[in-house]
Amino acid sequence: MSQTFDRTALYTLARSLLEQGGLPADKAATVAELLIQTDEIGVTTHGISMVSYYLPELAKDLMTKEGSHEVLADNKVTLLWDGNYLPGHWVMRHALETCMTRAAEFGMAAMAIRRSHHIGCLSALTRIAAEKGYVCYIATSDPSGEWVAPYGGCEPLLTPNPWAVGYPGRDHPVLIDTCASITTLSKVREHINSGTEFAHAWMLDGSGHATTDPTVINQSPKGSILPVGGADHGHKGFAMGLMVEMLTQALAGHGRVEAPTRWGANVFLQVIDPEAFGGREAFVSQVEHLNEACRNSRPIDPARPVRIPGDRAASAAARARTEGVTLPGEVLTRIRACAAEGGLAFPEPL
């Protein structure tokens, strides 16, 4: 059952757990803050929930605790970093600051990052730049992961390969956050943890038959997640997945060729300043004209009017500011276990 909590209490718990896991205070604070911001916009699969996955990585030294990223190339407008498997939220916070500074000077900036650890919810990251008036694109893949079969195949090869775009609007940013697979690995884990199946056949079993059963990814032969478009139009998601791996791995010069075996993230980040083009005011005017035209479109179901990506996140964030942060029971079960193992008190619900 879902419960609602004070955001400061959740942040303190997340930071304390990460510090217990060995992260220095500054890195733990950055990761915890972005995790709670993710819960505040309603993406609870990628919020404090992720602490339960990060702690074992820290314990096994698979998430680097100390040090910084390495700058492998800096051509002013384009950069290449090695993240050294440091916490992805921490790496991305620095990458965003760098690219926003460069975009303000040059109009745009792009960066490829190899060997970061997991970077979390992409829309929580693009939102940082969009709220400062920039257009931000982020794509990520894990060269060690094999969860999505290429269209027409039944052996998992690709990762879900998410990508996101955030850009400023009048009242709040537009936040487009999607992936090349029909669902995410976090959603698959959520269904496995809660013992539920998908409402639609979004998985393939090891023989290539579409199924609602998320546990096929743990069976032998291993099942997979279908690409966007499913069994019918999955060639579209497959093409999208190839694009993401090109941007995140080929541009980074590191990926499946090196056959890494640890959980990590390759990233492509681009920040654009509308002021360098038609101007920020004109940009927002065009964006809002289209947004309102879409929202005013006659809905199929009057009870479900057209929404713009980012509307739900803005509503969730506003609700969290006044009512607290709501977490589902499946997340609470795992984070309560982390707190108990660490000897930390779990906050009381509001």
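Contact here means heavy atoms within 4.5 Å. With that understood, I shall describe several parts of this structure, which is a predicted model.

I begin with His 254. This residue lies in the loop between helix H7 and strand S11, the latter spanning residues 265–272. Setting aside residues up to four places away in sequence, His 254 touches Arg 114, Arg 115, Gln 249, Pro 260 and Asn 266. Is His 254 buried or exposed? Its relative accessible area is 12%, and because buried means under 20%, His 254 counts as buried.

Helix H7 itself covers residues 230–250, and Met 243 is placed within that helix. Met 243 has a relative accessible area of 34%, so it is classed as partly exposed, the class between 20% and 50%. Together with Met 246 and Leu 251, Met 243 makes a nonpolar surface patch of about 260 Å².

I turn now to the sheets. Seven strands form an open sheet with mixed pairing, and their order is S2-S3-S4-S11-S5-S6-S7. Which strands stand at the edges of this sheet? They are S2 and S7, the latter comprising residues 174–179, and each of them pairs on one side only. From one strand to the next, the twist averages 15°.

Let us consider each edge in turn. At one of them, strand S2, residues 70–74, pairs with strand S3, residues 78–82, in the antiparallel sense over four bridges. Within this pairing, Glu 70 is found opposite Asp 82 of S3. The two strands form a hairpin, with three residues between S2 and S3. In the turn, Lys 76 has a positive phi of about 70°.

At the other edge, S7 pairs with strand S6, residues 162–167; this pairing is also antiparallel and runs over six bridges. Here Asp 177 in S7 is the bridge partner of Ala 164.

As a reminder for those viewing the model, side chains in a regular strand alternate between the two faces of the sheet.

There is also an open sheet of three strands, in the order S9-S8-S10, with antiparallel pairing. Strand S9, residues 210–211, and strand S10, residues 224–225, stand at its edges. Each has a single partner strand, so one side of each is left without a neighbour in the sheet. Strand S8, residues 203–204, is joined to S9 by two bridges, and these strands run antiparallel. In this pair, Met 203 stands opposite Thr 211 of S9.

Definitions and conventions. Residues numbered from 1 in each chain as written. Predicted model: local features only at pLDDT ≥ 70, side-chain atom pairs only at ≥ 80, totals over all residues. Heavy atoms only, no water. Patch = residues over 30% accessible without salt bridge, like charges linked within 9 Å, V, L, I, M, F, W, Y side chains within 5 Å. Areas by Shrake-Rupley, 256 points an atom, 1.4 Å probe, with all protein chains shown as cover. Salt bridge = Lys/Arg side-chain N within 4 Å of Asp/Glu carboxyl O. Buried < 20%, exposed > 50% of the residue type's maximum accessible area, 1.4 Å probe, protein only. Pairing = 2+ DSSP bridges. Axes fitted to C-alpha atoms, helices over the stretch in contact; angles between N-to-C directions.
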